[in-house]
Amino acid sequence: MGTKTKALNAESAQVEAKAQIGKIARVALPYAGLVIAVIFFSIATKGSFLQLDNLTTLINQSFTLILAALGATFIYAHGSLDVSLGSICMMSCISSVLAAVATQSGVVAFLVCLGVSLLCSLIVALISCKLGVVAFVSSLCVSFICQGLAGEMLDTGEIVMPTHIIEAVDRPAVKVIVIVAAIVICYVLFERTKIGVYNKAIGGNAAAAEQSGVNVHKYKILAYVISGVLLGVSSFFLICRISAASTTTGSGLHMDVMLAVILGGMSIRGGPKSNIAAPVIGSLTTYVLSNGLTLMRVDAYYVQFIQGIIFLLIIFCVFDKKKHGALPN
Amino acid sequence: MEKELLLQVKGMNKSFGPTRALKNVDLSVYRGEVRGLIGENGSGKSTVSSIVAGIQNADSGEMIFKGQPYQPATMLDAMQHGIGMIVQEAGTVLNITVAENIFIGKEKRFSKGPFVNRKAMEMAAKQAMEALGVSGIDPAMPINKLNFEARKLIEIVRVMLDEPELLIVDETTTALSQHGRDIIYSLMKKLREEGKAVLFISHDLDELIETCDVLTVLRDGDIIRSLEKSEMEHDLIKELMVGRKIEGDYYRSDFDGSFGEEVAVRVENLTVGHELENFSLELHRGEILGVGGLSGSGMHELGRAMFGVDRALTGSVTVCRSGDVIKNPVMAVQNSMGYVSKNRDTEALILHASIKDNTLLPSYDRLKVAGLISKRKADKFADEQIQNMKVKCVSKNQEVQFLSGGNKQKVVFAKWIGTGADILILDSPTRGIDIGVKTAMYQLITRLKREGKAILMISEELPELIGMCDRIMILKDGHLAREFQRSPELSEQMIIKEMI
């Protein structure tokens, strides 16, 4: 009997160890993917991938996505699916340029960009929380409203940001500082304040969170506030890089953000396993892939094709398809 | 008399993730036998029976049924071999009639071309019901109109239609009245006399001792012992289930029904939906106030409304020390209230989150250093609560979903005790919890009373209310039916009379 129990214990310890290794592998995979991609492209492009001006391009390319995805992670954490990011970004960019043209002030342009983004995000949040409409629908509606308004605001096809503002803002050094600061602040907010832990709890089980004394609506709205601020900042830098705003600015951003977060190994259903590394790793992976493949002179269509395949692979490896997949059903 | 082997299970193993639900289980069931299975939650009794019934597959091991190797792919496959099962949960299909439920999958018997002859089907359904002593149910009635018990009986009629040689009854009787139980008991007796067999799973010791020929005790996926009729005895069975001697004092030992003077919470003229009308109570510090009744009596709604989960239509819940009227759970928690929901998995816990995260949830404000949550403090807090409640776990970072029912409930308690709640609303606090943890819970609740905490204990289990409470309020149809004081004379019969 004694030896039998011992054998069984050893066996169950083995099963447990296996489960543990699987878990670690899944968590580590997105990091490993990024590292492998960087090493691969460094060798394949004979070092030109790692050259300073390419790294600068990489930062320029991924900046908008990293910031927007960092903010969206707070919303995903509590389980909302937001599709308005692209349209809000467009609305903010157009408003910002209009304000800049009118006042010639970079500060005003920035504040308008931030304000519009924050306001739109809050409208999405208030509609879903106070009127009980799911975030997907409320964000879709706000996104349509933004598209409509933006068309009305633009007489011509596009408007251009004054150059002196662009020159002041569009610098790699500034962007690096902003990114690093945003990551640190988001990490602290996500892991060390009630905003982060409560949003994760709400995503895990809203009823349990509420019955533990969490003010569910308040913390959901706070998540939208954070997302709105980060989206505003990222939109301002975006418009200063591309200089001209039109109704197609930022289109598809919500999808890119979603994909980046999933690529980073986080389920956009949110919950307790949400983490702030996912949007960063995922955004970087997205652009390392497209940048590296372009450097290797791979045709743009093939770049998308390869991205699609890699994306599927990651989802297949990282997420437990039976229990809880990356996407809401 | 020579016993003829009907079903033999050899070396059956089954794991769920790291948990080994069955460890090399051997089981033999003979013809003409009612075999009882008993064990704590997670002991493996339901796993064995569901594998036999084709609901899931074993990882390894073999089964022999009627002398042939047997490996059912589905429940239907098992049924065709002659093994039928009545499950714990509702197994009827909604929105169709009683007769359609009984003959589901067998409509061909009554079909004429593309049409089904309803009249004939309903007649046959009536006969099938009467054969089992089920009366008073119109076969043409939609199943939705029936209560749980009637639906359960319909399910039994359906299973019996296939004339199983081995019938598995999995905790079905728990939800049934005496009438429903009697139908099942007489059915079991009939099967035994016909040389068939029954595998009967139940938590109710008296019921098992009364009906079973052999009782097999499981613990942690092992078969501990099979008892013959003459050996079946309460204390022995409990001891085998838990693996150690159970102390005599299960509930509180004293009959001193006194409590503090100070009113902790005052409920006045509370009306919630149609479930609870104009209800008032005073809960004192140092008191365990029991609330009992049938499940539709409004007692669960009372708990929810007191904690602010459900909106009250009229009336108020006032926490006396602060004078606050509770409107939502946020206010309740601010007023040191805690609520243990009867729906543990869906409302009280975040299953995918760790034990630590669940325990900390209401307590983050006290774990801050310079405005930020301190990791060190959080870890220490979680460790303390796990130790205090003796939660059996691998580590504080283990996901709650992998814990047993009893340990999950300990985590819920740890959450509230950790945050220092002194008004506790416990709705069905020992539901689905095994004896070992139950005992610990009762000791804990008694200790909390001594510490001067105010406890409202809502429960459908009368022995628990009688054993633990200073006062018991029995609800019926949303009103107070009667109030009982703690006393050694108090019996279940006295209370049941008020409930129905």
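Student: Into which domains is chain B divided?

Tutor: Welcome! Keep in mind that this is a predicted model. Chain B is divided into domain 1, residues 5–242, and domain 2, residues 263–499. The C-alpha centres of these two domains of chain B lie 34 Å apart.

Student: What order do the strands of the open sheet in chain B take?

Tutor: Read the order from one edge of the sheet to the other. Here four strands of chain B pair antiparallel in the order 14-13-16-17. Strand 14 (276–284) and strand 17 (324–325) of chain B are at the edges with a single partner strand each, so one side of each has no neighbour in the sheet.

Student: How many bridges join strand 13 to strand 16 of chain B?

Tutor: Five bridges link strand 13 (residues 263–272) with strand 16 (residues 314–319) of chain B, and the two run antiparallel. To find your way there, look for Thr271(B), which stands opposite Thr314(B) in strand 16 of chain B.

Student: Let's turn to chain A. How many helices and strands does chain A have?

Tutor: Chain A has 13 helices and two strands.

Student: What radius of gyration would a compact globule of 329 residues have, and what does chain A have?

Tutor: The idea is to set the value for the chain beside the one expected from its length. For 329 residues, a compact globule would come near 20 Å; chain A has 22 Å, which agrees. Along its principal axes, the C-alpha trace of chain A spans about 85 × 55 × 30 Å. As for burial, 47% of the 329 residues of chain A count as buried. You can also look at sequence separation: among contacts in chain A between residues at least 6 apart in sequence, 78% join residues at least 24 apart.

Student: What span should helix 10 of chain A have?

Tutor: Use 1.5 Å a residue: the 27 residues of helix 10 (residues 216–242) of chain A should span 39 Å, and the end C-alpha atoms of this helix are 38 Å apart, which agrees.

Student: Is helix 10 of chain A mostly covered or mostly uncovered?

Tutor: Mostly covered, as 20 of the 27 residues in helix 10 of chain A are buried. Just after helix 10 of chain A comes Ser243(A), with a positive phi near 65°.

Student: How many residues of chain A are in contact with chain B?

Tutor: On chain A there are 24 residues in contact with 26 residues of chain B. The elements of chain A that give two or more residues to this side are helix 1 (2–44), helix 7 (172–192), helix 8 (194–204) and helix 9 (206–211). By type, the residues on the side of chain A that touches chain B are 10 nonpolar, nine polar and five charged.

Note on methods
Residues are numbered from 1 along each chain as its sequence is written. Chains are lettered from A and ligands numbered from 1 in the order in which they are written. This is a predicted model: local features need pLDDT of at least 70, side-chain atom pairs count only at pLDDT 80 or more; totals for chains, interfaces and linings use all residues. Two residues are in contact if their C-beta atoms, placed from the backbone, lie within 7 Å. Ala, Val, Leu, Ile, Met, Phe, Trp, Tyr, Cys and Pro count as nonpolar, Asp, Glu, Lys and Arg as charged, and the others, Gly among them, as polar. The expected span of a helix is 1.5 Å times one less than its number of residues. A residue is buried if 20 or more other C-beta atoms lie within 10 Å of its own, exposed if 12 or fewer, and partly exposed in between; C-beta atoms are placed from the backbone. The radius of gyration is taken over C-alpha atoms; the globule rule is 2.2 Å times the number of residues to the power 0.38. Domain bounds come from an automatic or database domain assignment. Two strands pair if DSSP finds at least two bridges between them.
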